[in-house]
Amino acid sequence: MTTLTDSGVQAGSLADRIVNSPAGYSGIEPDDEWVAEILRLKEERNATILAHNYQLPAIQDIADHVGDSLALARIAATAAEDTIVFCGVHFMAETAKILSPDKMVLLPDTRAGCSLADSITAEELRAWRDEFPDAVVVSYVNTTAAVKALTDYCCTSSNAVDVVNAIDPDREVLFLPDQFLGQHVKRVTGRENMHIWAGECHVHAAINGDELEEKARANPEAELFVHPECGCATSSLYLVSEGHFPEDQVKILSTGGMLEEAARTGARKVLVATEVGMIHQLRKAAPQVDFEAVNRKAACKFMKMITPAALLRSLTEGADEIHVDAETARLAARSVQRMISIGHSVPVSK
Ligand code: SF4
């Protein structure tokens with residue numbers, strides 16, 4: 001006789017072993033049994049699994065598509081399946097829901113937030129817009145749906161420069177919420193009439209210039225791949241300007257751009273300044289290259305909340321379902337659609 005637990009799963013089954021704690025779901029190893037069950041449940045739900053480059057290796061390996069925010073948003077917009085399981089953080093699943101309002105969008109653990117998205121609220125943006133009523137608002141995709149609804153153009157790190165270049169040069173620009181990406185875009189576009197919100201991602205801000213400089217000096221032959229959200233993006237440019245590092249060895253790249261560059265590089269060693277999950281995809285893209293994290297502790301606790309147990313629970317229970325109210329979604333969809341139509345398309349790895 002089959003005995004069901006209070007949560008409706010078979011007693012003693014894989015799903016019954018899941019432990020829920022404030023730090024997230026645990027208790028499951030990503031072994032062959034887990035793989036088989038995830039694939040079975042995915043088929044049963046007619047679901048597709050999307051995983052961000054910062055996810056745990058086991059989650060990246062079982063996903064149908066792995067990529068950066070822009071690439072995954074593009075896939076979410078055209079997915080043929082009924083259900084999208086978004087292995088990433090809350091704003092990413094919200095973006096998928098905005099683009100595919102008729103689909104069920106699941107985030108395996110709704111507690112997976114983002115310190116950068118939390119660095120500006122809709123009320124704060126409204127007040128900022130009131131100060132600059134004629135400005136064009138450009139928001140990095142790491143924002144809540146409510147902030148996107150007040151935004152003219154969304155962007156990601158892979159198309160932020162293209163988005164800002166597409167705006168009338170005489171219009172002022174409010175760029176939010178990431179100050180490091182904003183400074184990078186301002187530097188590359190040479191745009192003076194750009195105001196930048198002082199937000200930051202706690203993971204990237206912690207990859208600092210001192211660490212980068214130390215690693216770069218110890219590895220003079222290595223290339224540097226630096227994410228523009230990093231606190232060290234400015235330091236890497238300083239190293240170049242001071243002649244400590246040849247310009248062509250420093251690449252400021254989105255995560256998707258890093259994968260493209262990994263496939264092209266002739267370097268034997270590459271120092272990588274971004275969240276450590278990225279190393280997994282880079283090694284798959286270029287196994288002959290020695291990729292080393294500038295800061296091995298730069299792990300996003302929110303991204304790592306999507307554990308094997310969380311994904312199994314999500315597919316078993318159809319949880320956690322993401323909802324965006326219709327009016328917010330309608331307004332946010334304009335800025336998100338502009339984002340996915342501007343800039344080059346970053347290939348999605350799998
Ligand atoms: S790495 Fe930073 S920006 Fe990315 S999800 Fe984590 S907190 Fe947000």
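Which unit do β9, helix α8 and β10 make? Here are my notes, point by point.

1. To answer that straight away: β9, helix α8 (residues 179-189) and β10 make a right-handed β-α-β unit. Keep in mind that this is a predicted model, so read everything below as computed from it.

2. The unit sits in an open sheet of 4 strands, ordered β8-β7-β9-β10, with parallel pairing. β8 (153-155) and β10 are the edge strands, each pairing on one side only. Neighbouring strands in this sheet are turned by 25 degrees against each other on average, if you ignore direction. Helix α8 packs on the sheet and touches β7, β9 and β10. The direction of α8 makes about 160 degrees with that of β10.

3. Now for the pairing around β9. Strand β7 (residues 136-140) runs parallel to β9, and 4 bridges join the two. On the other pairing, β9 and strand β10 (residues 194-196) are also parallel, over 3 bridges. Leu174 is a handy residue to click on: Val137 has Leu174 as its bridge partner in β9, and Leu174 in turn has His195 as its bridge partner in β10.

4. Is strand β9 covered on its faces or open? Both faces of β9 (residues 173-176) are covered. Val173 and Phe175 are buried on one side, and Leu174 and Leu176 are buried on the other. That split follows a familiar pattern: in a regular strand, side chains alternate between the two faces of the sheet.

5. On to helix α8 itself. Its buried residues are Phe180, Leu181, Gly182, His184 and Val185. Just after the helix comes Gly190, with a positive phi near 70 degrees.

6. Val185 deserves its own point. This residue belongs to helix α8, and Val185 counts as buried because it has 26 C-beta neighbours inside 10 Å, where the cut-off for buried is 20 or more. Which residues does Val185 contact, leaving aside neighbours within four places in sequence? They are Ala160, Val161, Val164 and Phe175. Phe175 is one of the buried residues of β9, so to speak a link between the helix and point 4. There is also a pair to check with a distance tool: Val185 and Asn165 are 20 residues apart in sequence, and their C-alpha atoms are 9.4 Å apart in space.

7. There is another open sheet of 4 strands to look at, with the order β4-β3-β5-β6 and parallel pairing. Its edge strands are β4 (65-67) and β6 (104-106), and each pairs on one side only. From one strand to the next, the twist averages 20 degrees. Helix α4 (residues 90-99) packs on this sheet, touching β3, β5 and β6. The direction of α4 makes about 155 degrees with that of β5.

8. Within that sheet, strand β3 (residues 47-52) and strand β5 (residues 83-87) pair in the parallel sense over 5 bridges. If you want a register marker, Ile49 stands opposite Val85 in β5.

9. Last, the ligand. There are 14 residues around the ligand, and Cys114, Leu116, Cys201, Val203 and Cys300 come nearest. How does the shell divide into nonpolar, polar and charged residues? The split is 9 nonpolar, 4 polar and 1 charged.

Note on methods: Residues are numbered from 1 along each chain as its sequence is written. This is a predicted model: local features need pLDDT of at least 70, side-chain atom pairs count only at pLDDT 80 or more; totals for chains, interfaces and linings use all residues. A residue is near a molecule or strand if its C-beta atom, placed from the backbone, lies within 6 Å of it. Ala, Val, Leu, Ile, Met, Phe, Trp, Tyr, Cys and Pro count as nonpolar, Asp, Glu, Lys and Arg as charged, and the others, Gly among them, as polar. A residue is buried if 20 or more other C-beta atoms lie within 10 Å of its own, exposed if 12 or fewer, and partly exposed in between; C-beta atoms are placed from the backbone. Two strands pair if DSSP finds at least two bridges between them. A crossover is right-handed if, with the strands pointing away from the viewer, the path from the first strand over the helix to the second runs clockwise. Axes are lines fitted to C-alpha atoms, for helices over the stretch in contact, and angles run from 0 to 180 degrees between N-to-C directions. Two residues are in contact if their C-beta atoms, placed from the backbone, lie within 7 Å.
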